[in-house]
Amino acid sequence: MKKGSKVFVFMTAGIAALAGLLFGYDTGVISGAILFIKDQFKLASSAVEAVVSAVLIGAVIGAAFSGAITDRFGRKKVLIVTALLFAVGAIGASLAANVAMIVLFRLIIGVAIGVASYTAPLYISEISPPQMRGALVSLNQLMITCGIVVSYLVDYALSLGANEWRWMFGLGAIPAVILVTGMMALSESPRWLVGRNKTAEARAALARVMPQSEIDKEMRSIQKSLTAKEGSWKELLQPWIRPALVVGIALAFFQQATGINTIIYYAPTIFEFAGFGSHKVAILATVGVGIVNVLMTVVAIWFIDRLGRKPLLYIGMTGMAISLAVIGIAFNMPSITGALKMVTVLGVVFYIASFAISLGPIFWLMIAEIYPLNVRGRAMSLATVANWGFNAVVASTFLTLTEKLGKAGTFWFYAIVCAIGIAFCYLYVPETKGHSLEEIEEHLRKNKGLRSLGLSKEAK
Ligand code: BGC
């Protein structure tokens with residue numbers, strides 16, 4: 001691929017991935033903002049929960065209808081409208097006069113996150129050449145992790161005045177506006193255009209990302225995968241699509257039920273459990289965790305198209321299971337002092353690093369890769385709804401679980417889920433590295449078992 005086109009593809013993916021930055025920022029920012037909102041409006045815990053969970057509920061709703069709207073209106077338009085929603089939500093929440101308005105605008109932001117979390121990887125996967133697709137789609141995950149760190153830093157920097165929570169929310173409007181403007185300059189997804197019979201526009205969009213000599217071939221293979229008409233919800237249950245559906249939903253489950261957001265949302269709480277007395281140290285340690293998350297996502301991007309998806313899943317999930325078990329052991333000791341404190345911190349850092357090279361990027365990547373084009377919208381949106389649904393369940397049960405199972409028991413529970421996840425990956429997850437989206441579809445249609453996809457390539 002020519003250097004110019006490569007830079008262009010990276011820029012295109014980078015702009016779309018700003019949606020990920022907003023996803024990370026707007027989910028992360030609440031951890032600091034809520035402390036001030038709670039004081040200012042004298043909130044009871046149920047109201048605190050409503051403010052915190054508004055985004056997750058909105059995200060489930062947004063993800064639920066994102067498939068239908070991106071198939072209908074195109075990926076580009078939907079991303080533009082979503083960015084506008086992000087901006088409205090950020091400004092609205094920052095000016096809110098009462099808690100009900102905060103909940104309402106955070107719900108709107110949630111809807112935007114739900115739609116964006118699905119549309120950005122979809123769009124990027126559809127404009128990417130196969131040999132760079134893993135890295136490009138994972139730029140979105142990189143932006144999510146950057147958004148989380150930025151939100152932690154903003155929370156930290158603004159944690160002086162009682163009214164600063166308004167700025168915490170309001171600053172989210174800046175990347176939203178950049179996303180709107182950036183997306184306007186980009187082309188629509190060529191795959192979606194072909195589906196709408198806009199052949200000339202599709203060719204023009206492809207010409208921006210690949211050499212002329214490859215366009216005919218690419219057009220033919222997209223057209224071939226489109227001969228089947230747009231699939232219905234019922235079609236998702238056909239025996240040849242079902243394995244991909246199961247893999248997407250199961251990866252959503254394993255990404256969330258291995259406890260990632262108990263660390264992202266509750267890291268300061270966990271560090272305080274571990275005996276770090278001051279809020280300040282706990283928050284700083286959390287910033288450290290966020291930075292490790294970013295750096296290891298960069299490592300994942302480097303390896304994802306070289307080593308492949310499955311080796312990263314095995315390495316990362318094994319690391320996650322071990323560190324969860326170790327955190328559990330540390331919490332199981334009668335008192336956490338000196339060396340054990342260190343073990344807990346290292347456990348958390350090792351855990352986040354392992355997540356960042358495996359389930360973090362690979363869930364979002366795989367659901368953009370494994371579904372046939374005519375049902376891709378619906379299937380991906382189902383996997384995304386599942387992800388946000390499991391996220392909400394884990395976030396709202398974490399504190400109760402620590403009371404019922406104990407802190408150690410809770411982390412061991414996540415470790416066991418993770419071990420089951422490794423077996424699942426071995427048995428059912430395909431290796432999509434280096435295959436074009438059309439090849440993956442072709443393989444599914446032949447009904448040879450999704451998992452054999454990578455195997456057949458290696459065997460060649
Ligand atoms: C997950 C989020 C999580 C984030 C952390 C994403 O892939 O979907 O739930 O907060 O990674 O980096």
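**Ligand contacts in a predicted model**

Colleague: How far does a backbone N or O atom of Gly-360 lie from an oxygen atom of the ligand?

Modeller: This is a predicted model. The Gly-360 atom belongs to the backbone, and its partner is an oxygen atom of the ligand. The distance is 3.5 Å.

Colleague: Which residue has a side-chain N or O atom 2.9 Å from an oxygen atom of the ligand?

Modeller: Set two side-chain contacts next to each other. A polar side-chain atom of Gln-256 lies 3.0 Å from a ligand oxygen. The 2.9 Å contact to a ligand oxygen belongs to the side chain of Trp-364.

Colleague: How much of the ligand's accessible area does the protein cover?

Modeller: On its own, the ligand has 320 Å² of accessible area. The ligand sits in the largest cavity. The protein's cover comes to 99%.

Colleague: Which element gives the largest share of the shell around the ligand?

Modeller: The elements giving two or more residues are H7 (133-157), H13 (242-257), H14 (260-273), H18 (359-367) and H19 (373-404). The largest share is 3 residues, and it comes from helix H7.

Colleague: How many residues of the shell are charged?

Modeller: The ligand is surrounded by 13 residues, with Gln-141 and Asn-293 among the closest. The split gives 4 nonpolar and 9 polar. The charged count is none.

Colleague: Between which domains does the ligand lie?

Modeller: Look at who supplies the shell. Residues come from both domains, so the ligand lies between them. They are domain 1 (1-186) and domain 2 (229-460).

Methods
Residues numbered from 1 in each chain as written. Predicted model: local features only at pLDDT ≥ 70, side-chain atom pairs only at ≥ 80, totals over all residues. Heavy atoms only, no water. Near = heavy atom within 4 Å. Polar contact = N/O pair within 3.5 Å; in protein donor to acceptor, adjacent residues only side chain to side chain. Areas by Shrake-Rupley, 256 points an atom, 1.4 Å probe, with all protein chains shown as cover. 1 Å grid on protein atoms, 1.4 Å probe; cavity = no way out; pocket = protein on both sides within 12 Å on 5 of 7 lines; lining within 4 Å. Sits in = over half its atoms within 2 Å of the grid points. Helix = DSSP H or I, 4+ residues; strand = E, 2+ residues; numbered from the N terminus. Nonpolar A, V, L, I, M, F, W, Y, C, P; charged D, E, K, R; others polar. Domains from an automatic or database assignment.
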